[in-house]
Amino acid sequence: MRVLGIETSCDETGVALFDSERGLLGDALYSQVDMHAEYGGVVPELASRDHVRKLIPLIREVLAESGQTLSDIDAIAYTAGPGLIGALMVGASTGRALALSLGIPAIAVHHMEGHLLAPMLEETPPEFPFVALLVSGGHTQLVQVDGIGQYSLLGESLDDAAGEAFDKAAKMLGLDYPGGPLIAKLATTGDRSRFTFPRPMTDRPGLDFSFSGLKTFTLNTVNAHRDEAGEIDPQTLADIAAAFEEAVVDTLAIKCRRALQQTGYRQLVIAGGVSANARLREKLAVVVEKERSKLFYARPKFCTDNGAMIAYAGCQRLLAGQQSDLTILARPRWPMDTLPPL
Ligand code: KG4
Ligand code: ZN
């Protein structure tokens, strides 16, 4: 089965063609980050308009690159949520209409299920059951995964998502949006031991997270090191970036270890934009070794938003006989544990 995947939930237009026999045939991404950087965050209306401009050309590009035509597509998977309503509507209406005109099924895919299953596109995929850490710009969740659609929430952030915390801290350090990769880069030149930031909610049992306090801590540290002209020396900025990253990554690692111990599962999957973070991967490699477990993640371009994860997730559900009706489904909020099992 050949499935065209469409992702437009936020600020990246992603398209991919996945073949259940041959794997990924092609994928393309157009990132809007440069357009939004000027505003320090995603401007929803600009995002929707840009998806309108880029989606059809990207579909054409993926088909051409994979040597396929519209008539070679067996089904269409589109991201139906969670995300920005206007942005979702572009992918949902295009995907649904294209499927209708081609006389093929369409399936509405949950964006976080897409992230969760993205490591399945790699050479050594995880096998069910496993523990998943979903860390993106909008979500931080620990999930017990017993199969596709069999998700039990173990813990989640009570305030900011990890990616959101990276983005906000980056702003305080004078870095652009999205801040995660920029903090990670700056942190490599910083001294991780000069400042010690708190590891929120690790001193009590449970698997929930809270990152908003780290933001305040970052702001206070930045302000405490301004000179009379309000400037901060570049090395101090790098040291703060390193301390911040270390605190977030350590906190995530502590909770992942607890989740492995609590479930007794031996596989840990990390997914979503923050799972591209090299320091997080490094720390979790130590955790899984101690817990005699294995760590899985997607290649960096499939950690952040992309069409391949949507094509893959949609394909698994379609192969199990599921499909969506003619409704153009777009749900800005959509709890993942309400999804049907296969
Ligand atoms: O999954 P994603 O592309 O979009 C959402 O579904 O939200 O995640 C984007 C988030 C942003 O907050 C970005 O700063 C963060 O992932 N991110 C990173 C890294 N790469 C992306 N955070 C830390 N380190 C990175 N290397
Ligand atoms: Zn995402």
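**Entry 1: Gly81**

I began with Gly81 and asked whether this residue is buried or exposed. In this predicted model, Gly81 has a relative accessible area of 0%, and because buried means under 20%, I wrote it down as buried. I then looked up where Gly81 sits in the fold, and found it in strand S4, which covers residues 75–81. I also compared its position with that of Gly41: the two are 40 residues apart in sequence, and their C-alpha atoms are 19 Å apart in space.

**Entry 2: Thr8**

Next I turned to Thr8, which lies in the loop between strand S1 (2–7) and strand S2 (12–19). I looked up its relative accessibility, and at 0% Thr8 counts as buried. What does the side chain of Thr8 reach? I found that it reaches the backbone oxygen of Ala87, at 2.7 Å.

**Entry 3: a patch on the surface**

I then went to the surface, where I noted a nonpolar patch formed by Ile85, Met89 and Ile328, with about 240 Å² of accessible area together. I picked out Met89 from this patch and placed it in helix H3, which runs over residues 85–102. How is Met89 classed, with its relative accessible area of 35%? Buried means under 20% and exposed over 50%, so with 35% Met89 falls in between and is partly exposed.

**Entry 4: the surroundings of ligand 1**

My last search was around ligand 1, where I counted 20 residues, and I noted that Gly137, Asp167, Gly180, Gly273 and Asn277 come nearest. Sorting the residues of this shell by character, I got 6 nonpolar, 12 polar and 2 charged.

I then looked at single contacts, taking the oxygen atoms of the ligand before its nitrogen. A polar side-chain atom of Asp167 lies 2.7 Å from an oxygen atom of ligand 1, and a polar backbone atom of Gly163 is 3.1 Å from an oxygen atom of the ligand. For Asn277, I found an N or O atom of the side chain 3.0 Å from a nitrogen atom of ligand 1.

How much of the area that ligand 1 exposes when taken alone does the protein bury? Taken alone, ligand 1 exposes 550 Å², and the protein buries 88% of that. Finally, I asked which elements give two or more residues to the shell, and I listed helix H4 (111–117), helix H5 (162–172) and helix H6 (179–187).

How values were computed:
Residues numbered from 1 in each chain as written. Chains lettered and ligands numbered in written order. Predicted model: local features only at pLDDT ≥ 70, side-chain atom pairs only at ≥ 80, totals over all residues. Heavy atoms only, no water. Patch = residues over 30% accessible without salt bridge, like charges linked within 9 Å, V, L, I, M, F, W, Y side chains within 5 Å. Areas by Shrake-Rupley, 256 points an atom, 1.4 Å probe, with all protein chains shown as cover. Salt bridge = Lys/Arg side-chain N within 4 Å of Asp/Glu carboxyl O. Helix = DSSP H or I, 4+ residues; strand = E, 2+ residues; numbered from the N terminus. Buried < 20%, exposed > 50% of the residue type's maximum accessible area, 1.4 Å probe, protein only. Near = heavy atom within 4 Å. Polar contact = N/O pair within 3.5 Å; in protein donor to acceptor, adjacent residues only side chain to side chain. Nonpolar A, V, L, I, M, F, W, Y, C, P; charged D, E, K, R; others polar.
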